[in-house]
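Dear colleague,

I am handing over the structure that we talked about, and you will find the sequence and the coordinates just below. After them I have set out what was found, beginning with the strands and then turning to the aromatic rings.

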Amino acid sequence: MDAQRAEVRALEAEIAALQRACEELPAPWEGTARVRKSFQETHQSDSKRWESSKDLKSHLGHLKSELSFLSTLTGFNIRNYTKQTEDLAKTEMTEEGIKKVLQRHRLSGNCHMVTFQLEFQILEIQTKENLSSVITDLNIIMEPTEYLELSEFVSRAEERRDLFMFFRSLHFFVEWYEYRKRTFKHFKDKYPDTVHLSEGSCSSCMEIHSARRPGFELVIVWRIQMDEEGKVSPKLDLLTKVPGRALELDRNRVIETAPQSFRTLLGVLGIEAALESLIKLLCAEND
């Protein structure tokens, strides 16, 4: 019975951590009011009401189901979570009627291929009128570290102590990363002789070679940008590799203006259709 109660408390802690991760997520997560209400009802319950092992097992199953659903919804999997609290009223002078509690949280988990460890402190101040809380410290460790965009973003999140921005932006970064990976793999499988991925399926560049004109190729560079506010967006650029003689003969400056024309094409057709049109262009030349 004690072991089951301990497991319940551990699951509740993991659910609380995941709940904080998705509370600030925009649409389509706005439709999860049912789940949030269920969480609120769960956490309002008192463990003392579990009068039998059967009640405890039922509640444990409910928590596991909610945790699995939320992990699928957000893409986050929390493996370990601990929490410590300290009543500052016992260690420092506080005004009468004001209660200060310092919470120390530590958790580790992953969002698809990115693993992370978080350590953060939350100071809760309760007065007769209201209850407020603020994150006073945030430390983030992430692996792997080859994602330059994430490294810069983590530094900003730590500086701002913005936990919600961290979870939200990491979620959308991973979504764009997986979409880029699927898109490049699709074109590589469809056009194996024309499309080349120098770094494999995880490459950020896709090369389109012309078999008919050796030395002529197009390179798509697909970056995932994160701005100061944590907004995630794709940025695709076109680079051309052509022999010097071809540049001399290009009196209409087609090669020179190709990058700008590609950006226009992206705005009109979208990412996949724009890439398809470039590949078909060289495939037609090869034929």
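Please keep in mind while reading that this is a predicted model. To begin with one pair of strands, β1 and strand β2, the latter covering residues 99–111, pair in the antiparallel sense over 11 bridges, and among the contacts between them Glu-86 has Leu-102 in β2 as its bridge partner.

This pairing belongs to an open sheet of four strands, which follow the order β1-β2-β3-β4 with antiparallel pairing. The edges are taken by β1 (76–87) and β4 (131–143), and because each of these has a single partner strand, one side of each is left without a neighbour in the sheet. From one strand to the next, the twist averages 15 degrees.

Two helices pack on this sheet. Helix α4, made up of residues 148–160, touches β3 (114–126) and β4, and its direction makes about 155 degrees with that of β4. Helix α5, which covers residues 163–190, touches β1, β2, β3 and β4, and the direction of α5 makes about 155 degrees with that of β3.

Now to the aromatic rings, for which a search of the whole structure finds nine pairs. A pair of this kind is described by the distance of the ring centres and the angle of the planes. In one of these pairs, the rings of Phe-116 and Phe-166 have their centres 5.8 Å apart and their planes at 80 degrees, and since planes over 60 degrees apart count as edge-to-face, this pair is edge-to-face. Phe-116 lies in strand β3 whereas Phe-166 lies in helix α5, so the pair ties together parts that are 50 residues apart in sequence. Phe-116 is buried, with a relative accessible area of 1%, and Phe-166 also counts as buried, at 0% relative accessibility.

A further pair is formed by Tyr-179 and Trp-222, whose ring centres are 5.7 Å apart and whose planes stand at 80 degrees, so that this pair, too, is edge-to-face. Distant parts of the chain are linked here, with Tyr-179 in helix α5 and Trp-222 in strand β7 (residues 217–226), 43 residues apart. Trp-222 is buried, and its relative accessible area is 0%.

Lastly, Phe-116 and Phe-166 come up again as members of one aromatic cluster, which they form together with Phe-76, Phe-153 and Phe-167.

With best regards

Methods
Residues are numbered from 1 along each chain as its sequence is written. This is a predicted model: local features need pLDDT of at least 70, side-chain atom pairs count only at pLDDT 80 or more; totals for chains, interfaces and linings use all residues. Side-chain values use heavy atoms; hydrogens and water are left out. Two strands pair if DSSP finds at least two bridges between them. Axes are lines fitted to C-alpha atoms, for helices over the stretch in contact, and angles run from 0 to 180 degrees between N-to-C directions. Contact means heavy atoms within 4.5 Å. Rings of Phe, Tyr and Trp (its six-membered ring) pair if their centres lie within 6.5 Å; planes under 30 degrees apart count as stacked, over 60 as edge-to-face and the rest as tilted. Buried means under 20% relative accessible area, exposed over 50%, partly exposed in between (1.4 Å probe, protein chains only).
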